[in-house]
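Colleague: Hi! I'm new to this one and would love a quick tour. Could you put it up on the screen?

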Amino acid sequence: AIFYSLQIAADITYNPICKNRAVDFCAFWSAGNLINDHGYKSVYDPALLLQYENEVHNQETPSPSTLNFIPIVYLPIFLIPFQLISFLPLSISFYLWTILNLSGLIIYLYFFYRKVAHCKPPTQLISLSILSIPVFLNLFWGQANIFLLICVGEYIRACLNGKPFKAGLWLGGLLLKPTLLILIIPVLLFKRAYKPLIGFSITAAITLLSSCIMVGFDGLEKWSNILISSSQGGSASNPGIMTNWRMIAYHLSSIAPPEIGWIVIVIGSVATIFMMWLIVRQTHFSDPNRMGIALLGIFAATGLVTWHVHFPTLILLIPL
């Protein structure tokens, strides 16, 4: 807590907003303004979004500096909150966003623990969760991943309450970052868990249909191109601060040939998936404790093998 406080104080003292603090939120806020001016489809126009991000950056920066352009990789339906909050001045909206996220996180963790454990959560446990790196980076950079934590938490609760269809509906919330689904969906198929898969399919269909209505097929094509660009090292990539085998290979490339990095990615990914498979194969999801351990293994493995995942995203492991 002392370190985080010093980090925030130093950043406020030496850096303008959007330089490091609120760097992701500034992109979201710019996207909200762009949507209000030109509609949802415009947010997937990199040149136009860069223009809006530059305007914000130049207003907040006393001297010219290089802007690290951040494209928007979310489906348009997930951008509605940023469209609304962009009506407020940037600094006010960021602090409001931070307060909403922090208070929402604390309230949800208390709610989740009470519902699952049927008792009041230890304050120390809540404090340790809040002081974890993913939570701090979500708040410091102004990310939106607390939504993922709630979706995973409600998925777990629905499973424990014997409501697999409802669980699948909540799982669809992970479409905020679709790469998080690369292991859980195949596992559910293997387990023949059809009810959660039907629930997920309904949420996915509603999300994609709504997004298609908002931006059209060409807008979704532009969105998919941005995703592909990010996975291939575009400006939203930043593999050096990821949590996966790709990050290890990225740093190894500074001291070893690229082939070594690819060997690490392949061997690491295969070993991770194999170990996850051993857990899942022997797990009966009807047992709450074993299901929780299996889900923890699935999503931890996802954080290792998926091609695009950063530290803040792993906030979804907290309920597990």
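Colleague: Thanks! How do the residues of the lining of the second largest pocket divide into nonpolar, polar and charged?

Modeller: Happy to help, and please keep in mind that this is a predicted model. The lining of that second largest pocket has 14 nonpolar residues, three polar ones and no charged ones.

Colleague: How much space lies in the second largest pocket?

Modeller: About 380 Å³. Lining it are 17 residues, and Phe112, Tyr113, Val116, Pro319 and Leu320 are the closest to its centre.

Colleague: Which elements give two or more residues to the lining?

Modeller: Those are α5 (90-117), α6 (123-130), α8 (146-160) and α14 (288-305). The largest share comes from α5, with five residues.

Colleague: Let's stay with α14 for a moment. How far does α14 reach from its first C-alpha to its last?

Modeller: It reaches 26 Å with 18 residues, close to the 26 Å expected at 1.5 Å a residue.

Colleague: And which residues of α14 are buried?

Modeller: Quite a list! Among them are Met291, Leu295, Ile298, Phe299 and Val305. Gly292 and Gly303 are on the list of buried residues too.

Colleague: What do the buried residues of α14 pack against?

Modeller: They pack against α8, α9 (164-171), α10 (184-190), α12 (245-252) and α13 (258-281). You have met α8 already, as one of the elements that help line the pocket.

Colleague: New topic, cysteines. How many disulfides does a search of the whole structure find?

Modeller: One. It joins cysteine 18 to cysteine 26, with the sulfurs 1.9 Å apart.

Colleague: Is that link left-handed or right-handed?

Modeller: Left-handed, with -80° about the S-S bond.

Colleague: And are its two cysteines buried or exposed?

Modeller: Cysteine 18 counts as buried because its relative accessibility is 8%. Cysteine 26 is buried as well, at 6%.

Colleague: What about cysteine 159, why is there no bond to cysteine 151?

Modeller: The sulfur of cysteine 151 is the closest cysteine sulfur to that of cysteine 159, but it is 13 Å away, so it is too far for a bond. Cysteine 159 is partly exposed, with a relative accessible area of 25%. Cysteine 212, on the other hand, is buried at 16%.

Colleague: Now backbone angles. Which residue in the loop between α1 and α2 has a positive phi although it is not a glycine?

Modeller: That would be alanine 22, with a phi of about 65°. Its loop runs between α1 (2-14) and α2 (23-38). Alanine 22 is buried, with a relative accessible area of 0%.

Colleague: And what is the phi of arginine 192?

Modeller: About 55°, which is also positive although arginine 192 is not a glycine. You'll find arginine 192 in the loop between α10 and α11. Alanine 22 is buried, whereas arginine 192 is exposed, with a relative accessible area of 63%.

Colleague: One last stop, threonine 207. Where is its place?

Modeller: In helix α11, which covers residues 194-231. Threonine 207 is buried, as its relative accessible area is 8%.

Colleague: Which residues is threonine 207 in contact with, leaving aside its neighbours within four places in sequence?

Modeller: Its contacts beyond those neighbours are Leu75, Ile77, Phe78 and Leu175.

Colleague: And how far apart are threonine 207 and alanine 31?

Modeller: They are 176 residues apart in sequence and 19 Å apart in space, going from C-alpha to C-alpha.

Definitions and conventions:
Residues are numbered from 1 along each chain as its sequence is written. This is a predicted model: local features need pLDDT of at least 70, side-chain atom pairs count only at pLDDT 80 or more; totals for chains, interfaces and linings use all residues. Side-chain values use heavy atoms; hydrogens and water are left out. On a 1 Å grid over the protein atoms alone, a cavity is a set of points where a 1.4 Å probe fits but cannot get out, and a pocket is an open set with protein on both sides within 12 Å along at least five of seven lines; lining residues have an atom within 4 Å of a point. Grid points are joined across faces, edges and corners, and a volume is the space filled by probe spheres set on the points. Helices (H or I, at least four residues) and strands (E, at least two) are DSSP runs, numbered from the N terminus. Ala, Val, Leu, Ile, Met, Phe, Trp, Tyr, Cys and Pro count as nonpolar, Asp, Glu, Lys and Arg as charged, and the others, Gly among them, as polar. The expected span of a helix is 1.5 Å times one less than its number of residues. Buried means under 20% relative accessible area, exposed over 50%, partly exposed in between (1.4 Å probe, protein chains only). Contact means heavy atoms within 4.5 Å. A disulfide is a pair of cysteine sulfur atoms within 2.5 Å.
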